[in-house]
Amino acid sequence: GINAAYMGASVRCLTNCDLWRIPKSHVRDLLLANPLLLLSTRQRANERRAKWLKRPTPRELLQYPFFTAHGERSRKAVAMLAPLLLPKVVASSDYLVERNTVCRELMLLTSGQASIGQKVNVGPGDSVGDELVLTNGTHEESVKATTKVEMWVATDDQLKQALGLVPAKAGRRCTVRKQRPT
């Protein structure tokens, strides 16, 4: 980070290039003077960090409440979803979800802490959006990261297809088939 101790680095260039050394204090002043640059730098760093997240195994995915609630159908769904999950990193004090937005993703938290409204805290092993993602309901409360949050994300279309609630070719235009009462 910006406050880290100075570390030397070797740079090897394949072609002629200019190299500038900028003191840490100048970078800090620049970022504090330009909040949009700071936000875009933080977002880009989180995107790069997300690429290095360890992909969960199907067995690990079955531990999340969303999949335990769907019983035997979950095993097939998890096998289909595991390679499709997208990594995402959210910085501390940023919103995972804002209030009154339509739920289009299931978020499976792997590290960090977040708060739902002012009451509930969620962390590793918890999921956000599990009650709303299949019905495209709206979030009644905002979900805000209290620390840096790392997670895996599945879209509503991926979940519906994996659980067999929509035909494979249909995509977003198809409606959810009703299950026969047993």
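These legends walk through several views of a predicted model of one protein chain.

**View 1. The whole chain, from helices to strands and back to a helix.** Welcome to the overall picture: the protein chain holds six helices and eight strands. Following the sequence, we meet the elements in the pattern α-α-α-α-α-β-β-β-β-β-β-β-β-α. The protein chain has 182 residues, and 30% of them count as buried. Its accessible surface comes to about 12,900 Å², with 54% belonging to carbon and sulfur atoms. If we take the contacts between residues at least 6 apart in sequence, 71% join residues at least 24 apart.

**View 2. How confident is the predictor, and where does pLDDT stay under 50?** Over the protein chain, the mean pLDDT is 78, and 85% of the residues reach 70 or more. Residues 1–5 are a stretch where pLDDT stays under 50, and here the model has seven contacts beyond four places in sequence. Residues 168–182 also have pLDDT under 50 throughout, with 18 contacts beyond four places in sequence. Please keep these two stretches in mind as you look around.

**View 3. An open sheet of four strands.** In which order do the four strands of this open sheet stand? The order is β2-β7-β4-β5, and the pairing is antiparallel. Strands β2 (95–97) and β5 (120–122) are at the edges with a single partner strand each, so one side of each has no neighbour in the sheet. From one strand to the next, the twist averages 30°.

**View 4. Strands β4 and β5 side by side.** Now we zoom in on one pair from that sheet. Strand β4, made of residues 114–116, pairs with β5 in the antiparallel sense over three bridges. Which residue of β5 is the bridge partner of alanine 114? It is valine 122.

**View 5. Helix α5 and its buried side.** Helix α5 spans residues 73–81, and its buried residues are Ser74, Ala77, Val78 and Leu81. Why do these residues share a side of α5? They cover an arc of only 100° around the axis, which puts them on the same side of the helix. Turn to the other side of α5 and you will find Arg75 and Lys76, which are exposed. The cover over the buried residues of α5 includes α3 (58–61), α4 (65–68), β8 and α6 (156–162).

**View 6. Glutamate 150 in strand β8.** Is glutamate 150 buried or exposed? This residue lies in β8, the strand of residues 149–155. Its relative accessibility is 8%, under the 20% cut-off, so glutamate 150 counts as buried. Leaving aside residues up to four places away in sequence, glutamate 150 touches Arg49, Leu53, Lys88, Val89, Leu108, Leu109, Thr110 and Ser111.

**View 7. Two asparagines with positive phi.** Asparagine 100 is not a glycine, although its phi is positive, at about 65°. Look for asparagine 100 in the loop between β2 and β3 (105–111). With a relative accessible area of 55%, asparagine 100 is exposed. Asparagine 136 also has a positive phi, near 55°, and is likewise a residue other than glycine. You will find asparagine 136 in the loop between β6 (127–128) and β7 (143–145). Its relative accessibility is 24%, so asparagine 136 counts as partly exposed.

Methods: Residues are numbered from 1 along each chain as its sequence is written. This is a predicted model: local features need pLDDT of at least 70, side-chain atom pairs count only at pLDDT 80 or more; totals for chains, interfaces and linings use all residues. Side-chain values use heavy atoms; hydrogens and water are left out. Two strands pair if DSSP finds at least two bridges between them. Helices (H or I, at least four residues) and strands (E, at least two) are DSSP runs, numbered from the N terminus. Axes are lines fitted to C-alpha atoms, for helices over the stretch in contact, and angles run from 0 to 180 degrees between N-to-C directions. Buried means under 20% relative accessible area, exposed over 50%, partly exposed in between (1.4 Å probe, protein chains only). Contact means heavy atoms within 4.5 Å. Accessible areas come from the Shrake-Rupley method with a 1.4 Å probe; for residues, only the protein chains shown count as cover. pLDDT is the predictor's confidence in each residue, from 0 to 100. The arc is that of the directions from the helix axis to the C-beta atoms.
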